[in-house]
Amino acid sequence: MFSGNQNQFSSVISHERLETLLDGMDAGNGTPLAPAIAAALEVDRRISRASDEHISDFPDDVLCDLAFDARYTFTHSGSQTVLPFGTILESKDLGEILIGGERWVLDAGRPGLFPIWTTRSDAHGPNLKLLHRHIARLTRNLACRRLGLPQPALVCDFDERHLLHFAPHPEAGGVVLQCWASGTGAPRFCAALPEQVEAFARAVVKDMRTFWRRRKDIARQGAEVRAIVEHFIADVDAEVEAIIVDMSIQFSDEDFDFYVHYLGVDDAMRHGLVLDYIPASRRNLIKQGHYFGPCSKIISGREELEAVRSHGADGRITELAAAVLASGAIEPEQLLAVLARSYDVTFELATNGAPIFGALYWADGTIRAELSRQGTLNWSRDRLELYGIEVPEAKRVAMTGRPISELADLPFGGDILIAHAETINNGVRLHVGEKPFLIELASGKVWKCPEELC
């Protein structure tokens, strides 16, 4: 029946035992407890490199005690549990679980534990339904219930902004009320516990009440903003998609700061949303006769897109991201298919130790990569940090202009040259170039980027 190794066989037996012993118990946010404990035990086994002992050797009462202790840790910050093979499971902040230092989360309604890098950041699933239920309950007897319920919204600027937007309301001049999906306090919306979702709902309702009370002022000031930005784009290939106000980050009791979403060329070199910010101070200066043009992306986006397309490309890609795609360690066609319609995609690469988690993402018309492996490396933009190694000064100086592969054995990016290296706490930081190339998404073809597009 089983073709895998003994550890896999033991894992299945343990999972079945846990299902029976825990009998549908909840891990804290709608996730079954048994698969969450099973996942924690597997991480414990991997980190400890246990091979001679198996969870099936532990008595039922020991497994039950462990599960109850772990569940307490899942739901209480500042607590910890020692797993059978010695790995520490701890919760420093609600919504995030550290196992041997690795970052894991519960994903509401989805059985198991998941590396944080592989979970969605947007508001979705059971936690979104729970948020809606709380908002509907809390506003049942309030006038602001007419605003309805917020829905997920996404705009990519310097990074992805996962938002919640209410529908434009005519009594507020069509202005949109905005909240942030990160408002639960958990590192991922899906990882928030019920009490965090309820607290977030109360904060949202507070903003709804303020928005409704000030709706006439918002309508008047929003009309000023619309007039300004429509003037900005009169001669530009773009249109105003929404005028937005976020009540949680206002700095004045009288004049509001607004966001504007345009439809133009976005960070992924596609027709999408482009973000602008119109603070009250800027609006007041404009009314006094000072001139401010539209955000640079509105002006340059179309020209840049036409220039890239004239070379047969869909965008740019950094040297590291291109090396990841060409490594043979991942499925490039699958990842590029996602990037053709989304702003980012994550992947996981199994190694003998902790897995490498990576992300490919669009930023300013370029596909970039980030890599992370617990306790050993972190690669973001033009900085690669390697931990747990010592590099003598002479060797560190000599590494300038040399390929990374001479210092580190990595599954991709080893040919990238080191600009310079510096010592950091418990390791070394390598500064590397982000040499851009052009890329065609459908074929995966990558080629040299002309100087005028770099």
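**Exercise 1.** In this predicted model, state which residue Val176 stands opposite in S9, and place that pair in its sheet.

*Solution.* Val176 stands opposite Ile244 in S9. The next step is to identify the strands: strand S8 covers residues 176-180 and strand S9 covers residues 239-245, and the two pair in the parallel sense over two bridges. Widening the view, one finds an open sheet of six strands with mixed pairing, in the order S6-S7-S8-S9-S10-S11. Strand S6 (151-156) and strand S11 (271-278) stand at the edges of this sheet, and because each has a single partner strand, one side of each is left without a neighbour in the sheet. From one strand to the next, the twist averages 40°.

**Exercise 2.** Find the bridge partner of Leu89 in S3, and describe the sheet around it together with the helix that packs on that sheet.

*Solution.* The bridge partner of Leu89 in S3 is Ile99. Strand S2 (residues 88-91) and strand S3 (residues 97-99) pair in the antiparallel sense, over two bridges. These strands belong to an open sheet of five strands, ordered S1-S2-S3-S4-S5, with antiparallel pairing. At its edges stand strand S1 (79-82) and strand S5 (110-115), each with a single partner strand, so that one side of each is left without a neighbour in the sheet. The twist here averages 25° from one strand to the next. Helix H3 (residues 60-75) packs on the sheet, where H3 touches S1, S2, S3, strand S4 (102-107) and S5, and the direction of H3 makes about 155° with that of S1.

**Exercise 3.** Check the span of helix H2 (residues 33-48) against what its 16 residues should give, and decide how far H2 is enclosed.

*Solution.* At 1.5 Å a residue, the 16 residues of H2 should span 22 Å, and since the end C-alpha atoms are 22 Å apart, the two values agree. For the second part, twelve of the 16 residues of H2 are buried, and therefore H2 is largely enclosed by the rest of the structure; among the buried residues are Leu33, Pro35, Ile37, Asp44 and Arg45. Just after H2, Arg49 takes a positive phi of about 60°.

**Exercise 4.** Characterise the crossing of helix H4 (residues 125-138) and helix H5 (residues 194-213).

*Solution.* The axes of H4 and H5 come within 9 Å and cross at roughly 50°, which makes H4 oblique to H5. The crossing in which H4 passes H5 is right-handed. Residues that make the contact include Leu130, His134 and Leu138 of H4 as well as Val197, Phe200 and Met208 of H5.

Notes:
Residues are numbered from 1 along each chain as its sequence is written. This is a predicted model: local features need pLDDT of at least 70, side-chain atom pairs count only at pLDDT 80 or more; totals for chains, interfaces and linings use all residues. Side-chain values use heavy atoms; hydrogens and water are left out. Two strands pair if DSSP finds at least two bridges between them. Helices (H or I, at least four residues) and strands (E, at least two) are DSSP runs, numbered from the N terminus. Axes are lines fitted to C-alpha atoms, for helices over the stretch in contact, and angles run from 0 to 180 degrees between N-to-C directions. Contact means heavy atoms within 4.5 Å. The expected span of a helix is 1.5 Å times one less than its number of residues. Buried means under 20% relative accessible area, exposed over 50%, partly exposed in between (1.4 Å probe, protein chains only). Angles under 35 degrees count as roughly parallel, over 145 as roughly antiparallel, 65 to 115 as roughly perpendicular and the rest as oblique. A crossing is left-handed if the near helix is turned anticlockwise from the far one by less than a right angle, and right-handed if clockwise.
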